[in-house]
Structures are given as C-alpha cells and as structure tokens.
Amino acid sequence: MTSVDERLVHEAADRYGVPGPVVQEVMARSRPCLHLVPYESLSPSRRENARPVGRSGGLPLLAYGTNWPEPEVREPLVLSLDCAALPHDVLDIELPADGHLLFFTAIEYPPESSVVLHVPAGAPTTERSATYEFHDESMEITVYEPGDLYPVAGLSLDRELGPTTSAFLHEIGDGEALYRFREAVRDAASGETRVGGCVQLGGFSDPWDMAPDEGDFVLLAQIPGQAIDYDVFTMNLIVGTRQDIAARQYASLQYDQQC
C-alpha cells in the first residue's frame with residue numbers, strides 16, 4: 001500500500017489550519033493508486049533505478065490465434081502494462097501477477113467499442129499490423145506514438161467529504177485551506193514527481209463529469225487523452241467491480257469517456 005510521510009501530512013495540516021480529526025478522516029477515506037508517467041516527469045531521485053512497467057500507444061503484441069479485438073470496429077491500442085513489472089504491493093485492486101494487459105479504446109471520439117485484454121505470460125506473440133481488410137476495403141487503425149511509462153505510487157482522496165470534514169468546511173466557510181491541504185497530501189504521497197495528466201491505475205477517479213466509480217464499481221484505469229496524444233483533451237475512465245477485476249472478467253468492465 002502507498003505510504004505517506006506522516007510528518008509531511010501534519011506539517012501541511014498545521015500550515016493550512018486543518019485540525020487533527022479532519023486529518024484522520026481524510027486519510028482514513030483515502031485509497032492508494034499507481035501513476036504511470038513518462039521518464040521526464042520522474043523526480044531526479046527516482047530516475048537512477050527507474051524501470052518502465054508499461055507503454056502508451058504503439059502496436060499490440062497478441063498471442064498467435066488471437067485477433068485484434070472487435071474485428072469490425074478496431075479501436076487503437078492506448079496502453080500496455082507488463083503485469084510482472086508492476087509493484088503489486090501498492091494497489092487495493094487485484095491485477096494479474098504476470099502477462100500483459102492491453103487497453104484498446106478511442107480517445108479522440110466516443111468509442112464504439114473498448115476492450116481490455118490479458119495476454120498470458122509465455123504465450124508466443126507477434127506484433128499486429130494497423131492495416132486490415134473490411135468488406136474488401138483497406139482500413140487503417142490509428143497508431144499513437146509509443147512511450148515508456150514508469151510507476152509512481154500515489155494516494156487518491158475520496159471525492160465525498162466525511163462528516164467531520166464537512167463540518168469543518170461549513171465552520172470555516174471557505175474551502176481553500178482544505179483544498180490546499182488535500183493537494184499537499186497527494187503531493188506528499190508521490191514525492192517530487194509530476195503526476196498531473198498521467199495514466200492512473202486504481203484509487204478514486206478524478207472525473208470531469210459524473211464519477212463512474214460509484215457503488216460497487218471501482219476504478220481500474222484513468223487515461224487522459226493527453227497522456228496518449230498531447231493534442232487530445234478527453235478523460236477516459238474504465239471501471240468494474242472488485243470481483244470482476246480480480247477474476248479477469250474484463251468483458252464486464254464499463255467505459256466512460258468525458259470531454
């Protein structure tokens with residue numbers, strides 16, 4: 001699980017005038033997450049031994065006999081994860097221990113189909129072409145520039161405020177101090193690494209509209225369009241139940257694109 005330096009948390013609380021009971025409630029309602037960032041976003045202290053755990057864009061490596069998902073409307077590959085390389089002691093959702101997770105979806109327009117696919121470890125694979133034939137017509141799938149992604153453990157805070165925090169907010173009448181404190185807590189969890197606008201696994205979503213991770217649904221992945229293509233301004237959210245995610249029932253996942 002993601003750990004946060006308690007000293008930094010209490011220093012932030014003192015700096016913004018947030019009382020102890022509010023601090024305890026905020027931290028108790030937090031969830032760990034994993035940010036996937038490009039190398040240049042890593043803090044200098046993290047760069048020396050950094051190893052990538054995933055890739056944005058590129059072409060998929062699929063097992064022999066496995067076709068590109070959705071043969072009629074083929075969505076681009078936006079994210080590949082090396083499950084064995086992921087730090088598995090961080091998240092509170094269960095991802096595969098090995099193999100690769102591939103995320104296919106459109107980020108520029110409302111996707112007609114979205115798929116998460118697990119390629120088992122050791123399966124012979126081959127890189128698939130972005131060109132295919134459909135009704136005797138040559139079709140071309142969008143291929144985004146590939147880029148290595150590096151893991152940074154982080155902390156996400158519940159969007160819904162607890163009763164103690166709500167009472168404090170009502171008392172001070174201005175949410176600026178509370179907002180600054182919450183931002184300081186998130187910054188303390190990820191250190192000096194810039195995680196804004198990056199891919200996020202697990203934790204609470206940070207939606208632009210209605211949050212899809214409500215009730216029984218939790219966030220699997222949050223993929224900002226700019227994390228794949230700098231000129232695309234969308235937020236792509238993939239959610240499912242904890243049970244379906246753990247059982248690799250990825251066909252049961254739900255996808256929400258916000259712009």
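Arg-248 is located in the loop that runs between helix H6 and strand E14 (254-258), and in this predicted model the residue adopts a positive phi of about 60° although it is not a glycine. With a relative accessibility of 39%, Arg-248 counts as partly exposed. A second residue with a positive phi is Asp-136, for which the angle is about 65°, again without the residue being a glycine. Asp-136 occupies the loop between strand E8 (131-134) and strand E9 (137-140), and its relative accessible area of 82% places it in the exposed class. Such values deserve mention because most residues other than glycine have a negative phi.

Strand E1 (30-37) was examined next. Eight of its eight residues are buried, so E1 is largely enclosed by the rest of the structure. From this strand Ser-30, Pro-32, Leu-34 and Leu-36 point one way, while Arg-31, Cys-33, His-35 and Val-37 point the other way, with every one of these residues buried. In a regular strand, side chains alternate between the two faces of the sheet. E1 pairs with E10 in the antiparallel sense over eight bridges, and within this pairing Ser-30 stands opposite Leu-157 of E10. E1 also pairs with E11, likewise in the antiparallel sense, over three bridges, where Leu-36 stands opposite Val-199 of E11.

Leu-36 also belongs to the largest nonpolar core, which contains 30 residues and in which Leu-36, Leu-79, Leu-95, Phe-103, Leu-201, Leu-220 and Ile-223 touch the most other members. At least two residues of this core are supplied by each of the strands E1, E4, E5, E11 and E12, and the largest share, four residues, comes from E12. The surroundings of Phe-103 illustrate how sequence segments converge on this core: leaving aside neighbours within four places in sequence, Phe-103 is in contact with Pro-76, Leu-77, Val-78, Leu-79, Leu-81, Val-115, Val-116, Leu-220, Ala-221, Ile-223 and Ile-238. A second core, separate from the one just described, comprises 17 residues, among them Val-4, Val-18, Phe-168 and Ala-188. In soluble globular proteins, nonpolar side chains tend to be buried together.

Charged side chains were considered separately, and a search of the whole structure finds eight salt bridges. In one of these, the side chains of Arg-242 and Asp-92 meet with an N to O distance of 3.7 Å. This pair links distant parts of the chain, since Arg-242 lies in helix H6 (residues 242-246) whereas Asp-92 lies in the loop between strand E4 (77-82) and strand E5 (100-104), the two being 150 residues apart. Both partners fall in the partly exposed class, Arg-242 with a relative accessible area of 34% and Asp-92 with a relative accessibility of 23%. Together with Arg-31, these two residues are linked in a network of salt bridges; Arg-31 itself is one of the buried residues of E1.

Arg-159 takes part in two further salt bridges, one with Asp-213, in which the closest N and O atoms are 3.3 Å apart, and one with Glu-214, in which the closest N and O atoms are also 3.3 Å apart. Arg-159 lies in the loop between strand E10 (147-157) and helix H4 (163-172), and Asp-213 in the loop between strand E11 (199-201) and strand E12 (217-224), so this salt bridge ties together parts that are 54 residues apart in sequence. Glu-214 is placed in the loop between E11 and E12 as well, 55 residues from Arg-159. The accessibilities of the three residues are 27% for Arg-159, which counts as partly exposed, 7% for Asp-213, which counts as buried, and 41% for Glu-214, which counts as partly exposed. Side chains of opposite charge can pair when their charged atoms come close.

As regards the cysteines, the count of disulfides comes to zero. Cys-83 is in no disulfide, and the nearest cysteine sulfur, that of Cys-33, is 18 Å away, whereas the cut-off for a disulfide is a sulfur pair within 2.5 Å. Cys-83 is buried at 0% relative accessibility, while Cys-259 is exposed, with a relative accessible area of 80%.

Methods:
Residues are numbered from 1 along each chain as its sequence is written. This is a predicted model: local features need pLDDT of at least 70, side-chain atom pairs count only at pLDDT 80 or more; totals for chains, interfaces and linings use all residues. Side-chain values use heavy atoms; hydrogens and water are left out. A salt bridge is a side-chain nitrogen of Lys or Arg within 4 Å of a carboxyl oxygen of Asp or Glu. Buried means under 20% relative accessible area, exposed over 50%, partly exposed in between (1.4 Å probe, protein chains only). A nonpolar core is a set of buried Ala, Val, Leu, Ile, Met, Phe, Trp, Tyr and Cys residues joined through side-chain atoms within 4.5 Å. Contact means heavy atoms within 4.5 Å. Two strands pair if DSSP finds at least two bridges between them.
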